[in-house]
Amino acid sequence: MLPGPRPRPELKPFRTRGLVRRVTPIIAVLAAAGLAVIGILSGSFLSAAVLLLAAIVLLAGAALYLVVARARDAAADLADKARAIQASEERLRITLEAAQVGLALVGTDGRWIQVNPALCEILGRRRDLLLTVTLEHVTAEHDKPAVAEALAKLRTGDILRWEAQIFQMRGDGSRVPIEITIAALGEHPSGDALLLVQEADISTRKRLEGQRDGMVAVRQVILAASSWEQAAPQLLGGLCACLDWDVAQYWAVDTELKALRLHYGWHRDSDALEVFYKQSRRLSIATGEGLLGRVWQSGVVAANEDLTQATDYERAAAAEEADLRCAIALPVLNGGAVTGVIELLAPEVRRIENDLVTMLSTVGVEIGQFIQRAEISQALRRSEADHRAIYERSPIGIARISGEGELLEGNPALLLMLEHDFNAMHSQAWPDLLRAYDQAAGRSRIPALLAGVTDGRSVQLRAATGGGKWLWLQMTATPIPDPSGVPEHVLVMVEDVTTVRDSQDKLAEALEAQRGANATLEKLDRTKTEFLSIVSHEFRTALTGIQGFSELIRDGGLEPDEVRAYGGYIFNDADRVNRLIGDMLDLDRMESGKMSIRTTDVDINEVLSEAIARAGSSTTTVEFKADLDPRLPIVVGDRDRLIQVVSNLVNNAVKYSPDGGVVTMTTRSEGGFALVSVSDTGVGIPPDEISHVFERFRRVRSGAAQSIPGTGLGLTIVKQIVEMHGGKIWVESAVGHGSAFHFTLPLAAENVAPLQRRHG
Amino acid sequence: MGDPAAPSAAVPATVLVADDNDVAQRLCKRVLEKAGYTVLLAGDGLQAVEVALSQNPAMILMDVAMPGIDGIEAMKRIKAAKPSQPIVIASAHSMASDRERFLAAGADDVLSKPFRLADLIAIVGKLTANRGA
């Protein structure tokens, strides 16, 4: 690099002179010695003395020559030296002037002594002005200490040579990166030591390196970052560091406001720059407005090399306040549209080279593409995260199964629902569930699903959990195709529909109950209608006689015995109506719980005996038999009501018995109950009627039994009374053979033992 | 009270009273004989059919609720053999729907129980007169 114009002094003349000087005395001494030897050898004192004297004279002459020669030599040397220096300096001057690199001679105090035009060019200063200042003076503030230290060491001889890359300040105030070499040169004629300074402007190299580093930094940040939010601060800082800018700001296009707004900023640590940042944040910049607006509008890089000269810079005052002198702005392009602008600012005026513009344009495009990619990948991640969240947090069980039905994945809800860990689920519960699914679906479904056949229907099935709980599960399987559309997996949604099913079942039960109630109501309604019809029939039948015969009596013209007979008919029918009314009221009171029983000790055998006696006195066509258990204990009950029960059954038996029929009454003690039976050999009850005999007005209407008069309420009342006593009543019957009515009455507790008070 | 629908004395019309209730039987027999009719009695449905077909009464007064076959069934059987036989259903089933039911089953008229004696005489007179015409 250094073409080594170190001045070498011309040594040849000095060598010639030295040889003469060194040879001359030797010749003189040799000559004198020769004379002396000749004189001694001649044997003549005089000639010897003469010769000796000659030798001495010769020696003296030689000595004088030597002294004179030396003096002459010294004077010649001095002149030579001055000439040589002059020539050397001239050569140096020519070299300095002609050199392409900056070359200068500097004193150890740093003062410029000589500078070449290249250096003036590099430093952007006039030679005469440069010669009035020092090396340190033109060095950037930051590098001054290093330069001062180097000069000191060179001065003391600690080092002979110093090389460094530093910034120096040009005359216009701009900085220029310099590769500097300082070498000690030896002393100046003035006595000062001289330093040779070589400077090379490496701004282009530095700029290109910075741009290359900047590009690398941008790409590294972009590669590592997942979002623009994450990348922006790093990226702006990296650009500043590599390209040597103090401020970097990212302005985003706000499509709603139709303005640029500052989103991210980076700046060197400085209060003034912080103020500039805050002021920038408040701004909204319209398209075409100022440097940033122009870049937004045009989509190309633009710069203000010297902000003091700019006419439309939008933050001129703020920039001046912050000592910012230069700004360059690059568009961030996304699919051809400007989505943002990055601005770089520096504290000094800068010449913006084309290579920087090209580089920044590339940066803008790459950042734009990155933002687009980041947005897409962020959306993807969000959607992935959403899906994951659905999978993880869904209350519905989700299973992913392979083509063989193997459980690949089950979400927490599934495991929780079925109370299994994944392993138990995988090995046991899931295969069971799939079998149940196929069974419930009526055919093998999973293979069909994997063949792409889906009907989208759900299947409900019953399954036990790990905890032994039975659940109703609703399973919906969906084939999941691989990217080429071939079904690869089956996704199975498993829902616990137990509650739904239970409530459905309950609803069905409730509906069934409601239907039952409706049927009962309908039946009740029919019964009511029927009741009205029957009651009115009974009353009207009775009233026919009463009304007809009383009309005859009223119209007169009757024989006295006729009147008596008709009066009897009237009385009987009136009595029948009265009984009917009584029965109905009784039944109503019993059914509504308004009738109480007055309990006393009752001897059932006695009640039966009396009933037989009464019935026997009013009929002669039926034979009575009694088979009463003499050891039957006393029961506790309402005697009058029990008499009513027995009378009713006996009267029924008589009524439905043909002439010559037999009515048999038996009593037994059975398991704490008195069992009473009244059987006849009468017409019997048809099988389809037998279950209705205790219903009100359910008189057997078909066959021979139809002709038997009655209120139709008797057996209903009987059943009520028996049940009020805590007993039961039932009937056995065969048409044509007769009927047997049985009822039980609970024995008084102390009488359960088979001992009999009265008949004991 | 006169007997506007009374048959001529020369040919006393015969009326069959079919009723299982002997009080009703007695009442009808007493009233109709007094009005100049010959009264036949039947105590159940089958007997009514037998008497109706053998005795050929001018009209029949038929109860419904009777043992054996009921009055409706008896009426159907009689009408099947003698379509022109006048039959009046006399029933204590006296709801409006009952009346329709009886007429639909073929009754020439319906007499609701209990009845006014004049109504009984009038309805019997009308049907025996129709028969005569």
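This dialogue concerns a helix contact between two chains and a sheet in chain B.

Colleague: What kind of model is this, and how are the axes of α17(A) and α1(B) placed where the chains meet?

Modeller: The model is predicted. A helix pair is read from the approach and the angle of the two axes. Here helix α17 (residues 560-591) of chain A and helix α1 (residues 22-34) of chain B have axes that come within 11 Å, with a crossing of roughly 145 degrees. The crossing of α17(A) and α1(B) is left-handed.

Colleague: Which residues of α17(A) and α1(B) meet?

Modeller: A contact is read from heavy atoms within 4.5 Å. From α17(A) come Glu562(A), Tyr566(A), Tyr569(A) and Asp573(A), and they meet Val23(B), Arg26(B) and Arg30(B) of α1(B). By class, the residues of this contact comprise 3 nonpolar, 4 charged and no polar.

Colleague: In what order do the strands of the open sheet in chain B lie?

Modeller: A sheet is read strand by strand, from one edge to the other. In chain B, 5 strands with parallel pairing follow the order β2-β1-β3-β4-β5. At the edges are β2 (38-42) and β5 (109-112) of chain B, each paired on one side only. From one strand to the next, the twist averages 20 degrees.

Colleague: How many bridges join β1(B) to β2(B), and which helices pack on the sheet?

Modeller: Strand β1 (residues 14-18) of chain B runs parallel to β2(B), joined by 5 bridges. Within this pair, Ala18(B) is opposite Ala42(B) of β2(B). The helix α1(B) packs on the sheet and touches β1, β2 and β3 (59-62) of chain B, its direction making about 165 degrees with that of β2(B). Helix α2 (residues 45-55) of chain B also packs there, touching β1, β2 and β3 of chain B, at about 145 degrees to the direction of β2(B).

How values were computed:
Residues are numbered from 1 along each chain as its sequence is written. Chains are lettered from A and ligands numbered from 1 in the order in which they are written. This is a predicted model: local features need pLDDT of at least 70, side-chain atom pairs count only at pLDDT 80 or more; totals for chains, interfaces and linings use all residues. Side-chain values use heavy atoms; hydrogens and water are left out. Axes are lines fitted to C-alpha atoms, for helices over the stretch in contact, and angles run from 0 to 180 degrees between N-to-C directions. Helices (H or I, at least four residues) and strands (E, at least two) are DSSP runs, numbered from the N terminus. A crossing is left-handed if the near helix is turned anticlockwise from the far one by less than a right angle, and right-handed if clockwise. Ala, Val, Leu, Ile, Met, Phe, Trp, Tyr, Cys and Pro count as nonpolar, Asp, Glu, Lys and Arg as charged, and the others, Gly among them, as polar. Two strands pair if DSSP finds at least two bridges between them.
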